[in-house]
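Welcome! Please take a moment to look over the sequence and the model, and then we can walk through them together.

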Amino acid sequence: MSERIKVSRPEFRNVSKTKDLLWKYKWKPAALVSLVHRGSGMVLFLLSPLILYFFDQSLTSEASFRHLQDLLSNWFVKLIFLVICWGYLQHFCSGIRHLVMDLHIGLDKESARGSAIRLFVVTGVLTVLIALKLFGAF
Amino acid sequence: MANDKIGPKRLVVGAHYGLREWLAQRVTALVMIAYTVIVLISFLTGSNFSYEGWTGLFAQEWFKIATLVAFLALFYHAWLGMREVYLDWVPATGLRFGMYVLTIVWLVGCAVWTARILWRA
């Protein structure tokens, strides 16, 4: 029997949410997707009054529709709208990834890592496109 | 023996605890995916991106109903998600209960608001 080689690696037992998870734990892409899925869901929930307000204004009357267009000409409102779009895209795409994984597809380490990275690329590109459109680049 | 499962601490496994929520989270997600596809197809094939095009879409009764169903799925989905976040991060029972109540009241209000938006003359 060969001697057990001792390698000092960080060990996490009884992982504390505040002491270990956020500061010490190394965030791999797949873990980050999980975190961002929850984060984007919370962002969408917190912005739900605004989302419904925008929806309301867009449908109530032609005047309210124009009012919404005026509102959206403001850069800060544009930014909030962009956050809503990002939240929806991110939560939608990572949600589909979760649903696919529920079918036991792509569960191994490499595929999970690959799909996580691809996911961030896709939602990132789509969000940048929306941002460019929103701020009048095309 | 059925009696084994009764005691000062109830059995927390084997009784499908959480399965209902897990499944509902996924079913509501599928409803919203279907609705997103419907909206994208109806709006992008409509080729009318003006106020008339947008409201014309929501003037159809079936579209109003589909929208309300999708939004109800959304609000239930949001409740399940927020409940999970509170369960993870708010250990104080009283505070968590208060947050549950506020979240439910807000989401029920959102459901009524959505119905009013859709069926306003």
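The paragraphs below go from the core to the surface and end with a residue in a loop.

Keep in mind that this is a predicted model. Let us begin inside, with the largest nonpolar core, which has 26 residues. Which of its members touch the most others? They are A:Leu52, A:Phe55, B:Phe58 and B:Phe75. Chain A contributes two or more residues through helix 3 (48-60), while chain B does so through helix 1 (19-46), helix 2 (51-59), helix 3 (61-89) and helix 4 (93-119). Helix 3 of chain B provides the largest share, with ten residues. As a general background, nonpolar side chains in soluble globular proteins tend to be buried together.

Staying with helix 3 of chain A, you will also find A:Asp56 there. Is this residue buried or exposed? Its relative accessible area is 10%, below the 20% cut-off, so A:Asp56 counts as buried. From A:Asp56 to A:Ala131 there are 75 residues in sequence and 23 Å in space, going from C-alpha to C-alpha.

Now turn to the surface, where A:Lys26, A:Lys28, A:Lys109 and A:Arg113 form a patch of positive charge. One of them, A:Lys28, sits in the loop that links helix 1 (17-21) and helix 2 (29-46) of chain A. A:Lys28 is partly exposed because its relative accessibility is 45%.

Our last stop is A:His104, in the loop between helix 5 (75-102) and helix 6 (109-134) of chain A. A:His104 is exposed, as its relative accessible area is 64%. Most residues other than glycine have a negative phi. A:His104 is not a glycine, yet its phi is positive, at about 65 degrees.

Technical notes
Residues are numbered from 1 along each chain as its sequence is written. Chains are lettered from A and ligands numbered from 1 in the order in which they are written. This is a predicted model: local features need pLDDT of at least 70, side-chain atom pairs count only at pLDDT 80 or more; totals for chains, interfaces and linings use all residues. Side-chain values use heavy atoms; hydrogens and water are left out. Patches are made of residues with over 30% relative accessible area and no salt bridge: like charges are joined within 9 Å, nonpolar side chains (Val, Leu, Ile, Met, Phe, Trp, Tyr) within 5 Å. Accessible areas come from the Shrake-Rupley method with a 1.4 Å probe; for residues, only the protein chains shown count as cover. A salt bridge is a side-chain nitrogen of Lys or Arg within 4 Å of a carboxyl oxygen of Asp or Glu. Lys and Arg count as positive and Asp and Glu as negative; His and the chain ends are not counted. The place of a charge is taken as NZ of Lys, CZ of Arg, CG of Asp or CD of Glu. Helices (H or I, at least four residues) and strands (E, at least two) are DSSP runs, numbered from the N terminus. Buried means under 20% relative accessible area, exposed over 50%, partly exposed in between (1.4 Å probe, protein chains only). A nonpolar core is a set of buried Ala, Val, Leu, Ile, Met, Phe, Trp, Tyr and Cys residues joined through side-chain atoms within 4.5 Å.
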